[in-house]
Amino acid sequence: MIALLRVLAVAIFAVVMFVFGCGYCLLSPRNPKHVFTFGRLFGKMSRVFGIKLELRLPEDAYQRGQHIYIANHQNNWDLFTVSSAVTPKVVTVGKKSLAWMPLFGQLYWLTGNILIDRANRSKAKGTIDQVVDQMKQSDVSVWMFPEGTRSRGRGLLPFKTGAFHAAIAAQLPIAPIVCSSTAGIKLNRWNNGHVIVEMLPPVSVEGYGKENVRELANECREQMKAKLEALDHEVTMLNQQEGVKA
């Protein structure tokens with residue numbers, strides 16, 4: 001019964017967001033400010049799923065300059081958890097096929113996010129080059145998922161190098177974001193316990209060249225892996241204290 005009510009709530013939310021969201025975005029289509037606005041709205045939906053979402057951002061998160069943001073990519077729950085960490089003037093980079101997803105895909109494009117063809121390596125590289133050029137000509141930051149696909153409870157997957165090529169080419173710091181594991185969240189459970197999303201200190205790309213891109217990717221992955229393990233341990237302790245089953 002709980003799962004049915006939640007599915008109904010999400011369906012209503014999706015329709016309302018599509019109708020009013022797309023109408024709102026059409027007033028200034030593909031304006032980066034929309035990503036922050038709707039990221040926050042989707043994050044608030046976490047309460048509907050019985051998630052106690054804790055967002056940990058540094059004090060300067062909303063005032064800092066351009067960065068390349070990277071985050072772990074787990075499953076569909078990301079839409080209601082890690083999306084809350086999007087800061088102003090940030091657009092995300094996603095796969096081209098998202099544009100065909102009913103309701104969400106059209107809103108994703110209208111809010112100013114960037115779509116790339118991951119199946120075509122040459123096109124994907126060309127898009128990364130275009131992203132770098134756009135960043136150099138504006139004050140917009142970019143958010144990417146370096147795993148390239150959902151981990152689905154398999155921990156932190158190996159990183160692809162696109163985000164790190166972009167960071168080195170644009171000479172911008174990398175801001176890792178880690179969300180605690182969400183594989184155990186269940187639609188039919190009233191209380192799904194705690195989820196923590198934390199933004200780590202920026203990683204400088206100073207001294208890195210194209211030949212060091214894999215080294216940079218591994219450095220960021222090790223930091224994120226350690227943080228994910230720490231957050232998962234903290235969440236386990238919090239849930240046990242409150243009697244939430246794993």
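**Buried cysteines and the largest pocket**

At 0% relative accessibility, Cys25 counts as buried. This comes from a predicted model, and the cysteines make a friendly place to start. The sulfur of Cys25 has its closest cysteine sulfur in Cys22, at 6.5 Å, which is too far for a bond. A disulfide would require the two sulfur atoms to lie within 2.5 Å, so the Cys25 and Cys22 pair does not qualify.

Cys220 gives a second example. Its relative accessible area is 0%, and Cys220 is therefore buried. For the sulfur of Cys220, the closest cysteine sulfur belongs to Cys179 and lies 18 Å away, again too far for a bond. Across the structure, the count of disulfides is 0.

Attention now turns to open space. The largest pocket encloses about 1200 Å³. Its lining is made up of 46 residues, and those nearest the pocket centre are Asn76, Asp78, Leu79, Met101 and Phe104. Two or more lining residues are given by each of helix 1 (2-25), helix 2 (33-44), strand 3 (90-95) and helix 3 (104-110). Helix 1 supplies the largest share of this lining, with 7 residues.

What is the chemical make-up of the lining of the largest pocket, in terms of nonpolar, polar and charged residues? The lining residues divide into 27 nonpolar, 13 polar and 6 charged. For a reader who wishes to inspect the site in the structure above, the residues nearest the centre of the largest pocket, Leu79 and Phe104 among them, offer a handy point of entry.

Notes:
Residues are numbered from 1 along each chain as its sequence is written. This is a predicted model: local features need pLDDT of at least 70, side-chain atom pairs count only at pLDDT 80 or more; totals for chains, interfaces and linings use all residues. Side-chain values use heavy atoms; hydrogens and water are left out. On a 1 Å grid over the protein atoms alone, a cavity is a set of points where a 1.4 Å probe fits but cannot get out, and a pocket is an open set with protein on both sides within 12 Å along at least five of seven lines; lining residues have an atom within 4 Å of a point. Grid points are joined across faces, edges and corners, and a volume is the space filled by probe spheres set on the points. Helices (H or I, at least four residues) and strands (E, at least two) are DSSP runs, numbered from the N terminus. Ala, Val, Leu, Ile, Met, Phe, Trp, Tyr, Cys and Pro count as nonpolar, Asp, Glu, Lys and Arg as charged, and the others, Gly among them, as polar. Buried means under 20% relative accessible area, exposed over 50%, partly exposed in between (1.4 Å probe, protein chains only).
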